[in-house]
Amino acid sequence: MNKPSHDEPTAAGPEELRGQVEQTRTELSQTVKALAAKTDVKARTQEKATHVKDRAAAKAGELKDNAALKAGQLKAKAADLAHQTQNVLPDPVKDTAAKTTEHARAKAAQASQMWQEKAPEPVRHKTAQCTRLARDNRKMLLAAAGGAAAVWLACRNRKGRAT
């Protein structure tokens with residue numbers, strides 16, 4: 001009754017017809033799977049979230065490496081400037097600086113002793129923990145302080161241009 005269209009080849013025999021039916025089923029199955037994948041919002045969202053998370057982790061690693069590099073460069077530059085300053089300063093200024101440093105250390109030791117005597121034990125314990133944490137993460141704290149200073153300067157410069 002229905003004539004086959006000119007686009008579709010006609011089967012010469014039952015075996016060829018079975019092969020065409022199987023091929024059509026395979027293509028239809030692939031099409032259904034592709035449509036199902038496109039409509040699976042949860043899976044697509046998770047895939048996108050994983051992709052964004054991976055990109056963020058890579059960027060964070062890159063920023064961490066850059067911060068460590070910059071911190072090393074700044075540390076070297078500060079040491080160089082300190083050395084240059086030491087070479088330029090006259091001896092009386094160096095002596096005064098040494099005395100002032102020693103006086104500041106003595107006052108700090110005195111304040112520390114007073115703190116140990118007067119502060120409650122839980123407060124001293126928490127302060128010691130924070131001090132250890134700061135020492136262990138010195139580079140990260142310096143990088144964060146540098147970043148905060150850069151943001152502050154950028155905001156300050158932006159406000160200066162706006163007025």
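Reader: Let me start with one residue: in which helix is the place of Arg135?

Author: Arg135 sits in helix α4. Bear in mind as we go that this is a predicted model.

Reader: Is Arg135 buried or exposed?

Author: The general idea is to compare the relative accessible area with the cut-offs: under 20% is buried, over 50% is exposed, and anything in between is partly exposed. Arg135 has 53% relative accessible area, so this residue is exposed.

Reader: Which residues gather with Arg135 in a patch of positive charge?

Author: A residue needs over 30% relative accessible area and no salt bridge to belong to a patch, and like charges are joined within 9 Å. Here Arg135 gathers on the surface with Lys75, Arg132, Arg138 and Lys139.

Reader: Which helices each supply at least two residues of the positive patch?

Author: Two helices do so: α4, covering residues 121-136, and α5. Helix α5 spans residues 138-162.

Reader: How should I read confidence, and which element has the lowest mean pLDDT?

Author: Begin with the whole protein, then go element by element. The mean pLDDT of the protein is 83, and 91% of the residues reach at least 70. Among the elements, helix α5 has the lowest mean, 80, while α1 has the highest, 89.

Reader: Let us turn to pairs of charges. How many salt bridges does a search of the whole structure find?

Author: Side chains of opposite charge can pair when their charged atoms come close. In this model the search returns three salt bridges.

Reader: Which side chain meets Arg18 in a salt bridge?

Author: That partner is Glu15, with an N to O distance of 2.8 Å. Both residues belong to helix α1, which runs over residues 14-39, and they are three residues apart, so about one helical turn separates them. As for their surroundings, Arg18 is exposed at 52% relative accessibility, and Glu15 is exposed at 59%.

Reader: And what meets the side chain of Arg25?

Author: Glu22 does, in a salt bridge at 3.9 Å, N to O. The cut-off for a salt bridge is within 4 Å, so this pair counts. Arg25 and Glu22 are again in helix α1, three residues apart, or about one turn of the helix. Arg25 is exposed, with 54% relative accessible area, whereas Glu22 is partly exposed at 44%.

Reader: With which residue does Lys59 form a salt bridge?

Author: Lys59 pairs with Glu62, and their closest N and O atoms lie 3.6 Å apart. The two are three residues apart in helix α2, residues 41-88, which means a separation of about one helical turn. Lys59 is partly exposed at 43% relative accessibility, and Glu62 is partly exposed at 40%.

Reader: Now for distances across the model. How many Å apart in space are Val32 and Ala49?

Author: A good habit is to set the sequence separation beside the C-alpha to C-alpha distance. Val32 and Ala49 are 17 residues apart in sequence and 25 Å apart in space. Val32 lies in helix α1 and is partly exposed, with a relative accessible area of 48%.

Reader: What does the same reading give for Ala79 and Glu16?

Author: Those two are 63 residues apart in sequence, and their C-alpha atoms are 84 Å apart in space. Ala79 is found in helix α2, where Ala79 is partly exposed at 46% relative accessible area.

Terms used: Residues numbered from 1 in each chain as written. Heavy atoms only, no water. Helix = DSSP H or I, 4+ residues; strand = E, 2+ residues; numbered from the N terminus. Buried < 20%, exposed > 50% of the residue type's maximum accessible area, 1.4 Å probe, protein only. pLDDT = per-residue confidence, 0-100. Patch = residues over 30% accessible without salt bridge, like charges linked within 9 Å, V, L, I, M, F, W, Y side chains within 5 Å. Areas by Shrake-Rupley, 256 points an atom, 1.4 Å probe, with all protein chains shown as cover. Lys, Arg positive; Asp, Glu negative; His and termini not counted. Charge placed at Lys NZ, Arg CZ, Asp CG, Glu CD.
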